[in-house]
Amino acid sequence: MSDRELQSCNSGGQFMDRGRMNQNGVVQPLLTDLYQITMAYAYWKSGKTEDQAVFDLFFRTNPFHGEFTIFAGLEECLKFLDSFHYSDSDIEYLRQTLPEGVENDFFNYLASLTAKDVTLYAIDEGTVAFPRVPIIKVEGPLIIVQLLETTLLTLVNYASLMATNAARYRMVAGKHVKLLEFGLRRAQGPDGGLSASKYSYTGGFDGTSNVLAGKLFNIPVKGTHAHAYITSFSGIGELKTRLLRHKTTGITGDLLDHAVRHRQALANVLDVSQEESSEGELAAMVSYAIAFPDGFMALVDTYDVKRSGLLNFSAVALALNDLGYHAVGIRIDSGDLAYLSCLARETFEKVAERFKVPWFNKLTIVASNDINEDTILSLNEQGHKIDCFGIGTHLVTCQRQPALGCVYKLVEINGQPRMKLSQDVEKVTMPGHKNAFRLYSADGHALIDLLQKVTEPPPSIGQKVLCRHPFQESKRAYVIPSHVELLYKVFWKDGKITQQLPTLEQVREKVQISLKTLRNDHKRTLNPTPYKVAVSDNLYNFIHDLWLQNAPIGELS
């Protein structure tokens with residue numbers, strides 16, 4: 001058994017320690033489509049082992065009816081290249097799986113394959129990206145770069161979609177509201193759950209409920225309790241422990257007695273009846289507060305937020321205050337979130353004033369309950385008082401658009417350009433080895449992304465550049481950039497990673513920095529202004545000349 005197989009077995013096939021960062025044991029050469037391997041054999045049989053190819057990895061449309069995409073997943077791609085090797089059991093499986101007649105020498109060839117002769121160019125992870133601009137370019141021997149296709153796509157597609165979805169939530173929520181990812185139980189399996197946690201954090205979320213993701217990726221882990229904890233208590237008689245030491249003096253106090261006394265006073269202040277509130281809920285909150293006196297955050301909607309939840313929470317929070325502790329806040333998981341959050345804030349303000357506890361004004365209000373982008377926009381319009389959103393299903397499943405649709409297309413072989421034609425212009429590829437530049441205005445906003453042939457000189461600051469739509473002749477404009485950014489860096493060459501890779505925190509910061517370079521009209525949720533992607537005049541003519549050379553000529557009779 002190979003080292004990779006042994007590590008995969010030890011980790012249950014999931015993430016495992018591999019040097020610098022965690023390596024997903026599922027990501028290996030056999031995580032691919034069968035036709036990649038059958039093509040590899042056909043290439044090998046045709047004597048194309050020395051052919052050199054260039055592939056572009058790009059997407060055709062931005063997700064979620066928006067006008068930007070966040071590029072993510074690059075580090076996982078590089079770790080895949082670093083570990084690319086067919087194990088003995090991989091080769092044995094392929095011998096049994098491929099059609100009879102596949103020559104033995106081909107399996108020997110596969111067994112010796114690595115990514116040492118591959119060069120990978122990419123934009124920085126966390127950068128905003130746009131349709132048709134390759135986010136990754138792969139250059140190297142035709143067979144190996146073909147075999148990389150499916151795995152690279154699966155590593156980039158969901159990661160970029162998830163990071164983009166998270167970034168959109170961050171924009172609508174605003175920078176002062178916390179966002180927590182609560183989606184593990186609704187995610188597409190364990191690996192989907194881990195990826196969702198990682199890339200939602202990349203896109204701007206502040207933490208996750210996913211404990212394993214916290215361990216693997218050093219993401220802050222947050223959580224309270226479920227309704228089950230509240231309903232597991234039916235009355236105060238079930239409390240096995242009521243005592244709690246004062247945080248400063250160490251003197252033991254009866255937390256329940258303090259809470260009951262405060263509840264009587266609170267009922268008058270809040271104009272609610274103690275008889276209508278749940279004694280089991282009070283017992284549960286006292287129990288939880290004793291377990292976590294410095295981190296007491298309670299779910300208040302198990303029975304009735306107004307008549308029971310807020311009353312019992314406030315009573316327990318004041319009881320904790322008597323013993324030197326400050327509660328953290330509440331979570332609301334159902335009902336009219338705008339109304340209930342305003343009610344909660346009003347309640348806390350009354351308590352703060354009546355009981356002379358100013359910190360009560362700053363208690364955190366967390367809201368969950370099937371929240372999506374539109375929910376947050378609506379809550380914003382209603383003037384909610386929510387400090388933090390816990391978001392699960394709509395975030396991790398990307399319900400508005402479940403796939404990004406990245407593709408991986410051959411654009412050059414042995415120095416000769418290649419172009420895929422289609423009656424659908426959107427599916428026509430742009431041939432040849434290209435560079436991409438982002439041109440900026442004087443105010444620092446990105447104006448346009450420009451694709452050029454690699455042999456062309458880069459655009460110059462202050463010099464007029466003709467930018468053309470790749471397929472519509474009349475769409476063209478001169479741009480005078482105040483700043484020019486070459487988007488590509490070489491991240492993999494000669495069998496090793498060639499750049500210092502950023503931490504997850506640094507990628508997360510990169511996302512926000514990159515988004516700030518876009519004008520607000522490109523980022524708005526309703527009818528955003530399309531961001532322009534253009535080609536140089538030289539590349540435009542190159543594309544159309546090649547198109548005419550390859551397009552069949554019809555005949556009428």
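**The open sheet**

Begin by selecting strands β9, β8, β15, β14, β13 and β12 of this predicted model. Taken in that order, these six strands form an open sheet with parallel pairing. Strands of a sheet pair through backbone hydrogen bonds, in either a parallel or an antiparallel sense. Next, colour β9 (207–208) and β12 (297–299), the edge strands, each of which pairs on one side only. At the β9 edge, the neighbouring strand β8 (residues 178–181) is joined to β9 in the parallel sense over two bridges. To see the register of this pairing, display leucine 180 and glycine 207 of β9, which stand opposite each other.

**Helix α15 and its two sides**

Move next to helix α15, residues 373–382. Show the side chains of Glu373, Ile376 and Leu379, which are buried. Because these residues span an arc of only 130° around the axis, they lie on the same side of α15. Turn the view to the other side of α15, where Asp374 and Glu381 are exposed. What do the buried residues of α15 pack against? Select α7, α14 (337–354) and β15 (388–391), the elements that receive them; β15 is also one of the six strands of the open sheet.

Both ends of α15 merit a closer view. At the N-terminal end, asparagine 372 acts as the cap, with a side-chain oxygen 3.1 Å from the backbone nitrogen of aspartate 374. Following the helix is glycine 383, which has a positive phi, near 70°.

**Serine 160 in helix α7**

From α15, proceed to helix α7 and select serine 160. Is this residue buried or exposed? Serine 160 is buried because its relative accessibility is 1%, below the 20% cut-off. A polar atom of its side chain lies 3.0 Å from the backbone nitrogen of alanine 72. Displaying the surroundings of serine 160, with neighbours within four places in sequence set aside, brings up contacts with Thr69, Ile70, Phe71, Ala72 and Leu404.

**The nonpolar cores**

Helix α7 (residues 149–173) also leads into the largest nonpolar core, to which it gives the most, with 13 residues. This core holds 156 residues. Which of its members touch the most others? Select Leu120, Ile136, Leu148, Phe296, Phe313, Phe360 and Phe389 to display them.

Centre the view on isoleucine 136. Residues up to four places away in sequence aside, isoleucine 136 touches Phe55, Asp56, Leu57, Phe71, Leu74, Cys77, Leu120, Tyr121, Ala122 and Val156. Phe71, listed here, is also in contact with serine 160.

A second core of nine residues is separate from this one. To find it, select Phe437, Leu439, Val465 and Ala534, which are among its members.

**The cysteines**

Return to isoleucine 136 and pick out its contact Cys77. How many disulfides does the model contain? The count comes to zero. For cysteine 77, the nearest cysteine sulfur belongs to cysteine 406 and is 9.8 Å away. Cysteine 77 is buried, with a relative accessible area of 0%. Select cysteine 342 as a further example: the nearest cysteine sulfur, that of cysteine 388, is 17 Å away, and cysteine 342 is in no disulfide. Cysteine 342 counts as partly exposed because its relative accessibility is 26%, between the cut-offs of 20% and 50%.

**Two residues with positive phi**

The tour now turns to loops. Most residues other than glycine have a negative phi. Select histidine 65, in the loop between β3 (52–58) and β4 (69–70). Its phi is positive, about 60°, although histidine 65 is not a glycine. Histidine 65 is exposed, with a relative accessible area of 64%.

Then select aspartate 271, in the loop between α11 (255–270) and α12 (279–291). Aspartate 271 is not a glycine either, yet its phi is positive, about 60°. With a relative accessible area of 70%, aspartate 271 is exposed.

**Valine 260 and alanine 167**

Finish in helix α11, where valine 260 lies. Valine 260 counts as partly exposed, at 27% relative accessibility. Draw a distance from its C-alpha atom to that of alanine 167: the two atoms are separated by 44 Å, and the residues are 93 residues apart along the chain.

Notes: Residues are numbered from 1 along each chain as its sequence is written. This is a predicted model: local features need pLDDT of at least 70, side-chain atom pairs count only at pLDDT 80 or more; totals for chains, interfaces and linings use all residues. Side-chain values use heavy atoms; hydrogens and water are left out. A nonpolar core is a set of buried Ala, Val, Leu, Ile, Met, Phe, Trp, Tyr and Cys residues joined through side-chain atoms within 4.5 Å. Buried means under 20% relative accessible area, exposed over 50%, partly exposed in between (1.4 Å probe, protein chains only). Helices (H or I, at least four residues) and strands (E, at least two) are DSSP runs, numbered from the N terminus. Contact means heavy atoms within 4.5 Å. A disulfide is a pair of cysteine sulfur atoms within 2.5 Å. A polar contact is a pair of N or O atoms within 3.5 Å; within protein, one must be able to donate a hydrogen and the other to accept it, and residues adjacent in sequence count only if both atoms are side-chain atoms. The arc is that of the directions from the helix axis to the C-beta atoms. Two strands pair if DSSP finds at least two bridges between them.
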